[in-house]
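Subject: Structure handover

Hello,

Please find the structure below, followed by notes on what turned up when going through it.

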Amino acid sequence: MQDAEFEKERLKNKNKRLEAEVYMIKKARWKRLTSISLMLIFVPIFIPIHILLIIIAAISKHHKSTLIYYYLKIYFNIYFYFSGIEIFNVYPIPKPLPKPSIFFAIRSINLTTPFLQTQFPNKVELPYQRQLAHIPIHPLFPILRMGAFAKSFGYPDNPLSSSIDQIEHLLHQNKPIVIYIHPHYIDPQFSETLLLYDMVLDLLETNIDCHFIKANLIESYKIGTLLHKTPVSIYCKKSKDVIGEIKNKENAKIETSLKIMEFFEFKNVRII
């Protein structure tokens, strides 16, 4: 009986948090519009660069390039600045990046990939989603969109079992790479169970330098403005610091998954 009452109260509080976030997003809508409108001053710069890169990509027949990668990084640095995000590097990303290396992360918003790109000091291979191609160079100027430029983020964001061959190929090229440890989108504020790919646990057993990275409160970026910023804390830790010493070798995977669950602040974990 007590468990049922506790679960009822937990769900009630969860709904309250969701309603509060929706309210804050609506409240900040017009202030955010003002902040994003200020970004229009960069559009006359973005337009010729964007068109020039389209021409270069068409001539070279390569939509994936280092040049486009850094164009995207500059663009999203500006975008997140005008979105009112303030970064706090609690546990900074290592400089320079180890090569090869893996950075395990969760995909909590549709702009997780561009945001993570802005945080890395060097070029890193990131999973990109198809919808990133639909992002315009400005919300009030939807004519030009990112299109095939999104391929320059790295590799397609498919289930890990479908991406593992490409990931291994990138690692053999001594490249740092970001891997999402779960399917679909998941927000630890509202989702209690982490669906953890079993292959992540296998990759942790290799000799590759592995880290875990999270951006706390990035899910709340839509309530930020230039005057009222959203604090986003970056935590990047080596896998050995996250997992620690495994005492029971027979249940190594279970213990490891629980440590990963704790790092990303979920209440439950299920290996898939």
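**Val178 and the cores**

Not counting residues up to four places away in sequence, Val178 touches Phe103, Ala105, Leu116, Phe120, Val124, Glu125, Leu126, Pro127 and Tyr155. Please bear in mind that this is a predicted model.

Val178 is also one of the residues that touch the most other members of the largest nonpolar core, which has 47 residues. The others named in that group are Tyr75, Phe76, Tyr79, Leu111, Phe120 and Ile213. Two or more residues each come from helices H3 (43–60), H4 (66–82) and H5 (112–119), and from strands E2 (101–105), E3 (126–128), E7 (176–180), E9 (209–216) and E10 (230–238). H4 gives the most, with 10 residues. A second core, separate from this one, has 31 residues, among them Leu170, Leu201, Ile246 and Phe266. In soluble globular proteins, nonpolar side chains tend to be buried together.

**H4 against H5**

How do these two helices cross? The axes of H4 and H5 come within 9 Å, at a crossing angle of roughly 100°. That angle falls in the 65 to 115 degree range, so H4 and H5 are roughly perpendicular to each other. From H4, the contact uses Tyr69, Leu72, Lys73, Phe76, Asn77 and Phe80; from H5, Pro114, Phe115, Gln117 and Thr118. By type, the contact residues of H4 with H5 are six nonpolar, three polar and one charged.

**Backbone points to check**

The loop between strand E1 (85–91) and E2 holds Pro96 and Pro100. A cis peptide bond joins Lys95 to Pro96, with omega about -10°. A cis peptide bond also joins Lys99 to Pro100, with omega about -5°.

Positive phi values in residues other than glycine occur at Leu217, near 75°, and at Glu265, near 65°. Leu217 is in the loop between E9 and E10, and its relative accessibility of 39% makes it partly exposed. Glu265 is in the loop between helix H9 (252–263) and strand E11 (268–271); at 45% relative accessibility, Glu265 is likewise partly exposed.

**Whole chain**

The chain has nine helices and 11 strands. Of its 272 residues, 45% are buried. The exposed area is about 14,800 Å², and carbon and sulfur atoms supply 58% of that area. Among contacts between residues at least 6 apart in sequence, 76% join residues at least 24 apart.

Regards

Methods:
Residues are numbered from 1 along each chain as its sequence is written. This is a predicted model: local features need pLDDT of at least 70, side-chain atom pairs count only at pLDDT 80 or more; totals for chains, interfaces and linings use all residues. Side-chain values use heavy atoms; hydrogens and water are left out. Helices (H or I, at least four residues) and strands (E, at least two) are DSSP runs, numbered from the N terminus. Buried means under 20% relative accessible area, exposed over 50%, partly exposed in between (1.4 Å probe, protein chains only). Contact means heavy atoms within 4.5 Å. Accessible areas come from the Shrake-Rupley method with a 1.4 Å probe; for residues, only the protein chains shown count as cover. A nonpolar core is a set of buried Ala, Val, Leu, Ile, Met, Phe, Trp, Tyr and Cys residues joined through side-chain atoms within 4.5 Å. Axes are lines fitted to C-alpha atoms, for helices over the stretch in contact, and angles run from 0 to 180 degrees between N-to-C directions. Angles under 35 degrees count as roughly parallel, over 145 as roughly antiparallel, 65 to 115 as roughly perpendicular and the rest as oblique. Ala, Val, Leu, Ile, Met, Phe, Trp, Tyr, Cys and Pro count as nonpolar, Asp, Glu, Lys and Arg as charged, and the others, Gly among them, as polar.
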